[in-house]
Amino acid sequence: MDDKYEDLGDFNPAIEEEGPTAPPPGWLENVTGYEEMHEDQDGTDKLYPPPPAYVPVPDNGRSSSVPNVRVPVVSEDVAREALLQFVGKKWTYSSKPAHNMIFKDLKPFTVYRYRLETFTESRSSSWESEPFTGQFVDGPQYGMSPPPWDVPVEVPPLFTDVSMNVHVPHSSFVKVCHQCEGRGNVQCRHCSGRGKARCSSCYGKGRKGKKRCITCSGTGKKRCWRCSGKGYKTCPSCQGHQNLMHFIQLSIKWKNEAFEFIPDRYPEFPVKKFKKVSGDQFFVDESILVYPIVGFPDQDICDMSRKMSEEHLVKFSSVSRILQQRQSIELVPLTHAFYTYNGKDFNYFIYGIENKVYSPKYPSSCSIL
C-alpha cells in the first residue's frame, strides 16, 4: 500500500473510481451531415468550408476608379502649435525654441493609405453535453439535422468580430453519464474514497516535536476537505443528475480581416507612425467582392489593390464565406518642417489629421528654460 494512504482507513468499495471525462469511442450517435465528427471524436472542432454556391465569383473585367484629391497644406501657425503640443509632453524639452524658431520651409507630401477589409463567416462543430434535468430534447425524431451551412442564424453588423454557439437542430439525445456511470457521484481523488487524508501539519506523525499535533488531535489524519469526509464528490459532468444530454454545437465566427498599406517612400520618417493617426478618407468602395483600383495617380496603391483583392479571395473563400468586402483610400497629411534656432538648422514632421509630431532632434533637449 502507498505510504500516503497507510493508516488512513479503508475506502468504500461502493464508490468506484472516476470514469473518462470524454465519451468513449462509439458512445455518440451518428448524425447525417456530420459523419466526420463521429469518426474523429478527439474533442477538436470540425471546420466546414462553405459549399460552392456560397463562394463569390469575381468579374475579372471590372475595376474601381478613384477621384483626384488635393494635398492639404499646413500653415506656419499650425506647424508651430503642433510642435508646442509635442514639447509640452516632454518634461526635458524647453518650449523656448518652439516659440522663437524661424521657419525656412514647410514641405507637404502626398501619402495615401489603402485599406482592404474582408468580412468572413466560418462554421465549425463539436460534440457537447450538459446535465439532463428534464429539459426538452430536440432529437432525430423531429427531423434530420440541417447541414452546417443551412443552420439559420442572424448575421451581426458588417465588419465586426462576433462569435456565436448554437445547438444543431435535431442532434440531441440523452444517455447515462459516462463519467460516473449513472451514479451521480465519483470517488474523491484527493483521499481515494477514504474520507480522510494525511495531516499536512504533522505529515501524519500525530506529533510536532514532543507535542501532540493540535491540528489533527494527534491522530495524524484529518477529514478530507475536498469531499467533506464523504469519500466521494458530485460528478462534474452530470452535476449529480446521472444523465447527460449530448448535442452537436455549431460554432460560428464572423471576423473582419483587415489589411493596410502605405508606400514607404520617406526614409527619414518611420512609416509605422501612421498606424496611430487618422487620415481623410476620400474613397470607399463596398460590395460582396470589390475590384482592383485603376487609374489612380499612385500606381503602388493600384498594384496593391489588385494583389490583395486576389489574395483575400483565394485565402478566405477556401475556409470561410465572404459576406462583404470594403476598400478605402485615405489621404494622410505629412509635412516636413525645416527651421533655424540660434543659427542652427533643425527639422521635424507633422503627420495625421491629429497633427502629431515626429522630431528626431530638438534644440536644448536637456535644459528647462
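## Aromatic pairs and cores: worked exercises

Phe269, Phe274, Phe349, Tyr351 and Tyr358 come together as one aromatic cluster. Keep in mind that this is a predicted model.

**Exercise 1.** Classify the ring pair Tyr93 and Tyr362, and work out which parts of the chain the pair ties together.

*Solution.* Start with the geometry: the centres of Tyr93 and Tyr362 are 4.9 Å apart, with 15° between the planes. Pairing needs centres within 6.5 Å, and planes under 30 degrees apart count as stacked, so this pair is stacked. Next, place the rings: Tyr93 lies in the loop between α2 (76-88) and α3 (96-100), while Tyr362 lies in the segment after β19 (356-358), so the pair ties together parts 269 residues apart in sequence. Finally, Tyr362 has 5% relative accessibility and counts as buried.

**Exercise 2.** Do the same for Tyr112 and Phe282.

*Solution.* Here the numbers are 6.0 Å centre to centre and 65° between the planes, which makes the pair edge-to-face. Tyr112 belongs to strand β4 (residues 112-131) and Phe282 to strand β14 (residues 280-287), so the link spans 170 residues. Tyr112 is buried, at 9% relative accessible area.

**Exercise 3.** Which residues touch the most other members of the largest nonpolar core, and which element gives the largest share?

*Solution.* This core has 19 residues, and Leu83, Phe103, Tyr339 and Tyr348 touch the most other members. Elements giving two or more residues are α2, β3 (102-109), β17 (334-341) and β18 (344-351). The largest share, 5 residues, comes from α2. Another core, of 17 residues, lies apart from this one and includes Phe119 and Phe159.

Methods:
Residues are numbered from 1 along each chain as its sequence is written. This is a predicted model: local features need pLDDT of at least 70, side-chain atom pairs count only at pLDDT 80 or more; totals for chains, interfaces and linings use all residues. Side-chain values use heavy atoms; hydrogens and water are left out. Rings of Phe, Tyr and Trp (its six-membered ring) pair if their centres lie within 6.5 Å; planes under 30 degrees apart count as stacked, over 60 as edge-to-face and the rest as tilted. Helices (H or I, at least four residues) and strands (E, at least two) are DSSP runs, numbered from the N terminus. Buried means under 20% relative accessible area, exposed over 50%, partly exposed in between (1.4 Å probe, protein chains only). A nonpolar core is a set of buried Ala, Val, Leu, Ile, Met, Phe, Trp, Tyr and Cys residues joined through side-chain atoms within 4.5 Å.
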